[in-house]
Amino acid sequence: MTAPTPSTSDKAASAKERVLIFDTTMRDGEQSPGASMTIREKLELAELLQEMKVDICEAGFAASSEGDFQCVSQIAELARDMVICSLARSTLTDIDRAGEAVRKAKQPRIHTFISTSPVHMKHKLKMGPNAVLEAIGASVTHSRKFVGDVEWSAEDATRTEFDFLCKAIDVAIQSGATVINVPDTVGYSHPAEYGALIRRLIENIPNSDKVIWSTHCHNDLGLAVANSLAGVINGARQIECAVNGMGERAGNAALEECVMALKVRGDSMPFYTEVVTQKLARASKMVSSITGFPVQYNKAIVGKNAFAHESGIHQDGMLKHRETYEIMQPEDVGVPSTSLIMGKLSGRNAFRDKLESLGYVLEAAALNDAFKRFKDLADKKKHVFDEDIIALVDDQLAGAQEKISLTKLRVMAGTEGPQSAEIELSIEGEIRSTTATGNGPVDAVFNGIRQLCPHTAVLELYQVNAVTEGTDAQATVSVRLADQGLVATGKASDPDTLVASARAYVHALNKLEVRRAKAMAA
Ligand code: KIV
Ligand code: ZN
């Protein structure tokens, strides 16, 4: 095989066919254990998905909670150029709720599903095949009363008997489904098998050319992206995927990997997507920051090391000719190749330009705040890298509107314990302070917060990552708190790990408070 040349044009006038990108980060992605997003965070993500020209956004599962319902309807209202979809089980009440939630969308879709595999029908649904076929007919017909665009999924399709799967899909098409999704729900299939299944279904089912065929592959064997591409090669024209591969258990096919595989290997896979690939890195960072799930360093496309060349031989090759070791360019996915390093002499205009190049457009007041925080950081840190600025702004955006905020912190640490923290918080505008001790400085800080703001939440995760390299690097801290079934992840960055820890804890408390209020209202 010859070395691939990076492709620059996606849909060269030739015969490339379009593949639709269906993002399910907010629905299947949110099913990742430990991940949850507030409505505000989902709205922000939806804005970005729209800018990225994602075709379909599965904004939630409207019948699952009032929060999901609100989220789907608010996203439906704001979306202009994206299909907005809600998931629904096969019950009429679920479908009514989904229909109501997507009502205001310019391009609404209902995505209804039922299991078709013997193991699911017997043990989960406790329904026989005929009852399942009836439910498919009734659910798709009912969905069509609300919208013209109805997607039907055969849950656990890859473990379903082929003849029954054909019957089920035939009923869905006859009842008015416009998109047929073939989920590998348990991530059990492999590319040759999954591709052959899609091809065989298309060849055997009447009117298969009247619907769009879709893939939905889970990553339990690490094959989700490969299976999705095999599906496309064999006739599917929609890929369901999630940013950073978020999703139930091992996750879904990663959106950025599917999109870039089609873009870079357009030479042998004649397909294209409309996704603005330059925004992939930004989406990845946003999802990681919202959920508190760090992106693995060597993750394809968006990992910190995806474009880093370490060995001397590779560096030498890169300096001589970029394509020796690079099959795509960092700029193609939104990673700046040469990072303009900002420091304390950089002015407001340079800072605003830098923010815009990173995908942030802030209003005047937010820009002033960000600039001040950037200057404070530049005083403490010689070089301020792009990642530092992203962390700083994400942190600021997350912190706006919080009821509790950290106003002061002084910590005594070292070999002579107990370590102690003097801490001051502003709680709904009232300043409170205390001194607390603990088993280490972080424990002392968290004990201080607990004293000032008593709560029953349990600390489930405490994680520190360095945003950039060096001893003056900013630390990004994630804190996950759980309380009576509600979970919230807080994140904060600061060159001082203890300040970042305190702010991340407070951020999680604020998020938990919002979630509690929502749960009570529901
Ligand atoms: O994995 C799955 O089968 C699903 C369906 C609801 C589409 O997420
Ligand atoms: Zn799924």
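**Disulfides**

I started with the cysteines of this predicted model. I searched the whole structure for disulfides (pairs of cysteine sulfur atoms within 2.5 Å) and found zero. A disulfide is a covalent bond between the sulfur atoms of two cysteines. I then looked at Cys 57: the closest cysteine sulfur, in Cys 71, is 8.2 Å from its own sulfur, so that is too far for a bond. I also checked burial, where buried means under 20% relative accessible area, exposed over 50%, and partly exposed in between (1.4 Å probe, protein chains only). Cys 57 comes out buried at 0%, and Cys 453 is buried too, at 14%.

Ground rules I kept to: residues are numbered from 1 along each chain as its sequence is written, while chains are lettered from A and ligands numbered from 1 in the order in which they are written. Local features need pLDDT of at least 70, side-chain atom pairs count only at pLDDT 80 or more, totals for chains, interfaces and linings use all residues, and side-chain values use heavy atoms, with hydrogens and water left out.

**Zinc site**

Which protein atoms hold the zinc ion (ligand 2)? I got Asp 28 through OD, plus His 216 and His 218 through NE2, at 2.0 to 2.1 Å from the ion. For donors I took N, O and S atoms within 2.8 Å of the metal (3.2 Å for Na, K and Ca); water is not among the atoms, so sites may look incomplete. Along the chain the donors are spaced D-x187-H-x1-H. I checked the two histidines for burial as well: His 216 has a relative accessible area of 5% and is buried, and His 218 is buried at 4%.

**Ligand 1**

Next I listed what surrounds ligand 1, counting a residue as near if one of its heavy atoms lies within 4 Å. The shell is Arg 27, Asp 28, His 111, Phe 113, Ser 153, Glu 155, Asn 181, Pro 183, Thr 185, His 216 and His 218. Asp 28, His 216 and His 218 appear here and also among the zinc donors.

I sorted the shell by class, with Ala, Val, Leu, Ile, Met, Phe, Trp, Tyr, Cys and Pro as nonpolar, Asp, Glu, Lys and Arg as charged, and the others, Gly among them, as polar. That gave two nonpolar, six polar and three charged residues.

Then I went through some side-chain distances to the ligand. An N or O atom in the side chain of Arg 27 is 3.0 Å from an oxygen atom of ligand 1, and Asp 28 has such a pair at 3.0 Å too. For His 216, a polar side-chain atom lies 3.1 Å from an oxygen atom of the ligand. How much of ligand 1 does the protein bury? Taken alone the ligand exposes 260 Å², and the protein buries 94% of that (areas by the Shrake-Rupley method, 1.4 Å probe; for residues, only the protein chains shown count as cover).

I also asked which elements give two or more residues to this shell. They are β5 (108-115), β6 (150-155) and β7 (179-184). Helices (H or I, at least four residues) and strands (E, at least two) are DSSP runs here, numbered from the N terminus.

**Positive phi**

Most residues other than glycine have a negative phi, and most peptide bonds are trans. I noted Asn 244, which is not a glycine yet has a positive phi of about 60°. Asn 244 sits in the loop between β9 (238-241) and α9 (255-264) and is buried at 15%. Ile 301 also has a positive phi, near 70°. Its place is the loop between α10 (280-291) and α11 (312-320), and at 8% Ile 301 is buried.

**Spot checks on single residues**

- Asp 23 is in strand β2 (residues 20-23) and is buried at 0%. Its C-alpha is 23 Å from that of Lys 210, 187 residues apart along the chain.
- Arg 109 is in strand β5, buried at 3%. From Arg 109 to Pro 454, 345 residues apart along the chain, I got 44 Å between C-alpha atoms.
- Lys 106 is in the loop between α3 (92-101) and β5. Buried or exposed? Lys 106 is exposed, at 63%, and its C-alpha is 7.5 Å from that of Val 83, 23 residues apart along the chain.
- Pro 495 is in the loop between β16 (486-494) and α16 (497-521) and is partly exposed at 23%. Lys 380 is 115 residues apart from Pro 495 in sequence but 7.7 Å apart in space, C-alpha to C-alpha.

Methods. A polar contact is a pair of N or O atoms within 3.5 Å; within protein, one must be able to donate a hydrogen and the other to accept it, and residues adjacent in sequence count only if both atoms are side-chain atoms.
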